[in-house]
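The following exercises concern one structure, which the reader is asked to examine first. Each task is followed by a worked solution.

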Amino acid sequence: MKLLTTHITRYWYSDPVSLCHTEVYLMPRARKIQTVLDHELTIVPAPETMYPREDYFGNPVTFFSIYERHRELIITSRGLVELAPAPPPNLDLSPPWEEVREEAARRTSPDSFDASQFLYESPHIKIGGALAEYAAKSFAPGRHFLDGVNDLSSRIYKDFKYDPRATTVTTPVNEVLVSKRGVCQDFAHLMIACLRSLKLPARYVSGYVRTGHKFVGGDASHAWVSAWCPMFGWQDFDPTNNVMPQDGHVTLAWGRDYSDVSPVKGVALGGGEQVISVSVDVSAQGLDSAV
Amino acid sequence: MKSTGTSPPSQADPSQLDAAWSYEAYPGFHDEVLGAGKVRPHWMALTEALTSMGHAGLAKRWQQGQRMIHDNGITYNVYGDPLTTARPWPLDPIPLVMEQTEWKNIEAAIIQRAMLFNAVLKDLYGPQELLRENRLPPELVFPNPAFLRPCWGIEPAGGTYLHMYSADLARSPDGQWWVLSDRTQTPSGAGYALENRLVTTRVLPDVFQSAHVRRLANFFQAYRDALQRLVPAQRENPRIVLLTPGPYNETYFEHAFLARYLGYTLVEGGDLTVRDCRVFLKTLGGLLPVDVIVRRQDEQFCDPLELRGDSMLGVPGLVQAVRMGNVSIANALGSGLAESPAYAAFLPGLCKHLLDEDLKLPTVATWWCGQEEPLKYVLDHLDTLVLKPTFPGARIEPIFGARLSGEEKKAVLDKVRAHPDRYVAQEQVALSTVPVWEDSRIGPRHLVLRVYAVPSENSYVVMPGGLTRISNSLDNMVVSMQSGGGSKDTWVLGDAPAPPFTLLRPATHPLEVSRATFDLPSRVADNLFWLGRYTDRMESLVRLTRAILARFQEGDAARTAGLNAGLEILAELGHLPERETPVTPEREVLAMIYDPAAANGIVSGIHRVRRVAWLLRDRISVDAWLILNQLDQQFSLAAPAEAFRVSAAQDRLNQVIITLSAFSGIVMESMTRGDGWRFLDIGRRLERATQMTDMLRHGLQTESPALGVLEAILEIADSSITYRSRYLTSLQTDLVLDLLLADEANPRSVAFQLARLKEHVDQLPNSQISIRRPQEARQALALLTAVQLADVRELGRTEDAAAAAARDALLDRLAADLSTLSETISRAYFTHAAQSRQLAAP
């Protein structure tokens with residue numbers, strides 16, 4: 001399955017911006033199930049400096065600066081990826097969740113050491129208290145870990161209402177837990193906070209979901225959760241759509257939470273009021289589109 | 001009895017400090033001076049001197065020290081209120097004396113620790129072997145807000161993270177030194193240590209000489225060399241700046257002092273900008289590249305793009321510039337990671353592993369509650385421990401177990417059990433004591449010694465001395481400047497007299513002769529401009545007020561007319577409050593002079609001068625600062641008794657005029673004629689022209705101004721003598737107008753100010769680079785021309801409504817145009833203040 005992604009971010013300013021430094025996480029990240037065939041980043045006005053690099057978590061990130069006075073900034077990112085999803089794992093073959101917790105705490109392998117970085121609080125993730133209580137219902141003693149994670153994802157899907165007006169990027173997870181409303185980013189943060197409250201490693205995945213009636217969140221950037229399990233590695237769960245991503249999710253980057261991998265982050269000198277618009281389109285390409 | 005340093009020692013036994021001073025050690029603690037009731041040998045030189053000078057001698061010498069602290073404006077800030085925050089630096093005249101052999105051990109231990117922390121940081125921001133091998137729990141790194149992931153993988157020049165390391169040391173009752181805490185991020189106090197030395201050597205010059213105290217200047221030279229080595233590639237004329245969070249920071253005085261002492265430009269985040277992944281200083285002359293940033297700002301606030309975005313204090317794009325190797329930062333971004341008190345529990349193992357040595361100086365016993373055994377110990381022994389947050393910056397104050405009530409203790413234990421990894425417990429050291437001079441006697445106080453190290457080629461160099469801080473009482477084991485503690489100079493004794501050496505005249509690195517003054521940050525130009533305006537506004541107001549006061553006492557008609565005109569001007573300029581029920585003018589004017597709360601009064605004006613001068617602390621010479629301090633002091637005295645208020649006010653105002661003249665004199669005589677001076681003078685000229693115009697506008701409103709009014713106006717304008725020597729006639733409106741408005745030879749006239757303004761504006765960078773006259777130059781020229789073309793004989797005609805109207809129109813236009821010129825200059829040169837902001841999250 002080949003997917004073509006088009007992500008356009010536009011900023012309009014009431015006053016001219018004379019200088020702007022920006023960091024974008026817009027290039028798809030290569031992983032076992034995803035091959036990046038092509039990617040193109042177009043920025044208007046054209047930046048004077050532009051440097052791609054790899055961040056701490058191995059994500060591709062691009063830094064650019066614009067010194068030309070501008071009232072409008074358009075960032076267009078086009079990517080072509082090939083997805084080769086593995087068959088969904090048998091959740092009941094995963095170890096009891098308590099074993100996952102112990103393995104992550106022991107960090108005896110390089111894998112578990114890396115996973116242990118995703119056990120703690122981070123700028124958008126608080127742990128403990130009501131979050132631990134909510135999570136505990138999915139993790140009865142001895143329950144298979146991935147089955148429990150899947151159950152948690154389903155519960156969030158059922159208990160919470162998708163409502164773009166309910167939250168902002170800074171709404172804390174504890175408030176989302178009470179209001180039971182939010183968007184993909186809130187549900188991902190909430191689920192991560194639940195897992196980490198039980199000392200289970202979980203990370204935040206930023207990306208896109210295929211546009212169409214099937215998925216929620218197809219017209220904007222999307223976010224979901226990856227949980228770590230010994231032998232099974234990192235397994236993705238999308239609580240907004242109640243699925244384990246297969247051939248409809250394009251991965252851009254992952255980190256502890258949104259703050260590590262925000263698609264566009266910038267500081268501008270001047271600008272006054274700003275208006276932003278984002279559009280995302282993900283469509284199948286070529287013969288595979290029959291799917 | 002009077003005794004001085006040269007008089008024969010008194011009969012008292014020098015090994016018994018108590019003979020003359022009745023100093024007694026505090027039982028249960030190690031006393032630095034007395035051991036078994038006797039003065040320790042290395043203190044002998046100092047105690048002998050103290051004994052021979054006696055209380056009165058020390059008191060007299062100390063007066064000089066305190067004056068130096070005041071005159072040099074040595075202060076530190078207490079967070080909270082911007083105006084009264086700057087407190088005089090609390091220094092005690094009696095230094096802490098350290099013996100040679102003991103110091104050598106401390107020195108070796110501090111070098112070892114600096115190397116150790118450097119190696120730890122190098123690993124954590126690289127391969128993280130220490131975490132993978134569990135030599136340091138990852139829980140102390142991964143959740144730590146001070147672990148700056150954007151800085152991971154950036155190797156600083158020479159692999160050096162710490163360009164200054166410091167440690168707080170304390171001595172327990174058995175005489176052993178312990179490390180209380182390590183400072184790896186932006187260690188403060190080295191500059192205060194140097195100031196303490198400057199003051200103390202002034203107070204005790206003879207003892208300082210004879211005791212062979214080791215000098216500090218070599219240490220600062222080593223610091224400068226270390227920073228010089230950071231210059232990327234071999235760049236000619238590298239630019240090193242010291243980055244401060246600003247004047248409201250606790251140790252801003254120190255930032256300004258160190259910048260001046262080391263010869264670096266003091267900058268705030270807003271003075272810097274990143275272009276092409278290089279850092280530049282924004283100056284009047286344009287952007288100048290910066291090679292090294294000495295950082296006194298917390299690292300998390302250094303780049304709102306990649307680090308914390310909730311504050312715009314920093315420099316957007318800075319991390320990328322560092323990543324590209326285009327600028328070095330000292331201490332390196334990320335070095336605050338090593339500041340967690342929890343690391344202490346693992347240092348012995350880390351030291352053995354990384355340096356293959358035993359730790360030379362122990363840290364006070366430390367338990368990190370994130371591990372089972374230590375947690376159990378802490379829960380059982382909270383009474384004897386101090387509980388601290390694992391990650392500095394967490395809003396948890398240290399908790400002293402011994403001070404908790406039963407219920408409080410239970411609550412604390414619950415918190416620790418809930419999140420054990422967030423807490424660290426340390427044993428409380430019974431801090432040693434040292435004599436402190438207080439209220440003409442000396443008594444013991446607890447001390448903590450902060451020591452410093454900077455990198456040399458392959459190792460570190462330790463400052464032979466340090467900042468000794470003392471507690472505010474014997475019951476208090478917390479030593480902190482914020483909570484009212486004091487400080488001391490620290491004398492490390494050497495074998496032979498130290499050769500005199502000072503950085504102020506560097507011998508090894510002759511400075512390039514340079515006349516360029518274009519590196520003036522725009523922010524500084526802005527502040528200088530307002531300093532010029534405010535000082536001159538004060539002078540005008542004081543002259544006006546003085547003329548009014550003099551007229552309260554006499555009663556002839558002319559004086560009364562002058563008085564009324566003066567009051568009229570004062571009211572028009574907004575210096576007298578509008579009241580429902582008017583009180584007598586005399587009371588109003590006196591309130592304006594004495595009342596610190598009077599909105600547009602003299603006291604608030606002086607505060608304003610001082611506040612803007614404070615923002616320029618690193619730019620103003622010590623002498624000029626001294627003058628401004630005197631000004632502030634003259635008005636901090638309470639108002640005298642009712643009956644003497646008028647005459648006392650006159651004295652005060654006379655003093656202010658003299659003081660302000662001294663300030664102008666210093667500025668004219670000793671400030672380099674660069675852009676800085678130019679902006680100060682532009683401010684003064686603009687203000688003086690504005691004040692004079694306003695006085696003429698409001699004073700000459702009637703068709704035929706009375707003689708008494710003209711007389712008052714001449715007096716306020718300090719031009720009576722000029723008038724009398726020039727015109728042997730009685731006062732005439734047209735002649736007064738000519739002298740104060742159009743006469744370019746009178747340094748008080750509007751025309752004189754405008755002529756100077758035009759000269760200045762023509763010298764500014766914009767006028768230099770463009771063939772076309774920039775807007776501010778055209779406005780200045782138009783103003784000068786308007787005054788030159790004015791027909792004063794016509795305008796000064798009395799009993800003529802048309803002339804009076806023309807007079808009013810001209811003066812009104814001048815006032816408006818002056819205000820426009822001020823705005824144009826601000827827009828052209830000070831707009832650096834444009835706000836940076838985050839792009840909205842998509």
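The model is predicted.

**Exercise 1.** Determine whether the end-to-end distance of helix H13 (residues 522–552) of chain B agrees with its number of residues.

*Solution.* Step one: H13(B) has 31 residues, and at 1.5 Å a residue it should span 45 Å. Step two: the C-alpha atoms at its ends are 46 Å apart, which agrees with that expectation.

**Exercise 2.** Establish how far H13(B) is enclosed by the rest of the structure.

*Solution.* A residue counts as buried if 20 or more other C-beta atoms lie within 10 Å of its own. Of the 31 residues of H13(B), 28 are buried, so the helix is largely enclosed.

**Exercise 3.** Describe the open sheet that contains S10, S11 and S12 of chain B.

*Solution.* Step one: the 3 strands follow the order S10-S11-S12, with antiparallel pairing. Step two: S10 and S12 (286–289) of chain B are the edge strands; each has a single partner strand, so one side of each lacks a neighbour in the sheet. Step three: neighbouring strands are turned by 45° against each other on average, direction ignored. Step four: S10(B) and S11(B) (residues 278–283) are joined by 4 bridges, and B:Val274 stands opposite B:Val279 in S11(B).

**Exercise 4.** Characterise the contact of chain B with chain A.

*Solution.* Step one: chain B contributes 25 residues and chain A 32 residues. Step two: on the side of chain B, strands S10 (272–275) and S24 (836–838) each supply at least two residues. Step three: this side comprises 14 nonpolar, 5 polar and 6 charged residues. Step four: S24(B) pairs with strand S12 (residues 264–270) of chain A in the antiparallel sense over 3 bridges, and A:Val267 stands opposite B:Gln838.

How values were computed. Residues numbered from 1 in each chain as written. Chains lettered and ligands numbered in written order. Predicted model: local features only at pLDDT ≥ 70, side-chain atom pairs only at ≥ 80, totals over all residues. Contact = placed C-beta atoms within 7 Å. Nonpolar A, V, L, I, M, F, W, Y, C, P; charged D, E, K, R; others polar. Pairing = 2+ DSSP bridges. Expected span 1.5 Å × (residues − 1). Buried ≥ 20, exposed ≤ 12 C-beta atoms within 10 Å, placed from the backbone. Axes fitted to C-alpha atoms, helices over the stretch in contact; angles between N-to-C directions.
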